[in-house]
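Good morning, colleagues. Today I should like to turn to aromatic rings and their contacts. Please look at the sequence and the structure as I bring them up.

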Amino acid sequence: ALAIPAAVYMLQDKEANAAELERTFIAIKPDGVQRGLIAEIISRFERKGFKLVGIKLVVPNKEFAQKHYDDLKERPFFNGLCDFLSSGPVVAMVWEGEGVIKYGRKLIGATDPQKSEPGTIRGDLAVVVGRNIIHGSDGPETAKDEISLWFEPSELVSYSSNAEKWIYG
Ligand code: ADP
């Protein structure tokens, strides 16, 4: 008789944990898509133990790119950057997991691939700052803003995976 309530509590704990899991916005930019790096990049997040909760292929228009990079509008490279982001298909994704915002940035590496460590996505797969193949939110506020800019709530899927008990213990 005791086993049933215990199982129920475990389930509730898991659901509570799942609800608290952090989310970040990750995009494979047009250069990453054109170079055939979609699977390679997704694989690095997947193998780490992060969970994909939203994904779509989109060609953002320039106005949308300007919104996405709004905080960089005073920078000299802003116009070229927005032209580039809107130049072709982008894989827009939301990834979920403990510490995914900060650790996602670690997986990605430094903005300038010349300064990215080997082992990081940019360190291993890119050479110049203007073609650094991937975007990742840089903090909790930007993650929230970018997820809501790129995705409707209905496009995000909350689910639990059987691997979670092996990833989180
Ligand atoms: P990150 O993408 O690492 O968060 P930033 O937010 O500073 O970096 O810059 C956004 C993007 O703008 C970079 O990923 C890069 O593609 C581009 N960028 C940054 N600095 C330069 C630069 N000096 N020249 C050209 N493009 C740049």
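The charged end of Lys48 is placed over the ring of Tyr103, with 3.8 Å to the ring centre. I should state at once that this is a predicted model. A second contact of this kind involves Arg131, which lies over the face of Phe84 at 3.9 Å from the centre of the ring.

Let me move from charges to ring pairs. How many aromatic pairs does the structure hold? There are 5. One of them joins Phe25 and Phe151 in an edge-to-face arrangement, at 6.5 Å centre to centre and with 65° between the planes. The angle qualifies as edge-to-face because it is over 60 degrees.

Where do these two rings sit in the chain? Phe25 belongs to strand β1, residues 23-28, whereas Phe151 is found in the loop between α8 (140-150) and α9 (164-168), so their pair ties together parts 126 residues apart in sequence. Are the two partners buried or exposed? Phe25 has a relative accessibility of 0% and therefore counts as buried; Phe151, at 5%, counts as buried as well.

Another pair is formed by Phe45 and Phe50, and this one is tilted: 6.5 Å separates the centres, and the planes make an angle of 45°. Phe45 is buried, at 0% relative accessibility, and Phe50 is buried at 8%.

Finally, which residues do ring pairs link into a cluster? The members are Phe25, Phe64, Trp150 and Phe151. The edge-to-face partners Phe25 and Phe151 thus return here as members of that cluster.

Notes. Residues are numbered from 1 along each chain as its sequence is written. This is a predicted model: local features need pLDDT of at least 70, side-chain atom pairs count only at pLDDT 80 or more; totals for chains, interfaces and linings use all residues. Side-chain values use heavy atoms; hydrogens and water are left out. Rings of Phe, Tyr and Trp (its six-membered ring) pair if their centres lie within 6.5 Å; planes under 30 degrees apart count as stacked, over 60 as edge-to-face and the rest as tilted. Helices (H or I, at least four residues) and strands (E, at least two) are DSSP runs, numbered from the N terminus. Buried means under 20% relative accessible area, exposed over 50%, partly exposed in between (1.4 Å probe, protein chains only). A charge sits over a ring if NZ of Lys or CZ of Arg is within 6 Å of the ring centre and within 35 degrees of the ring normal.
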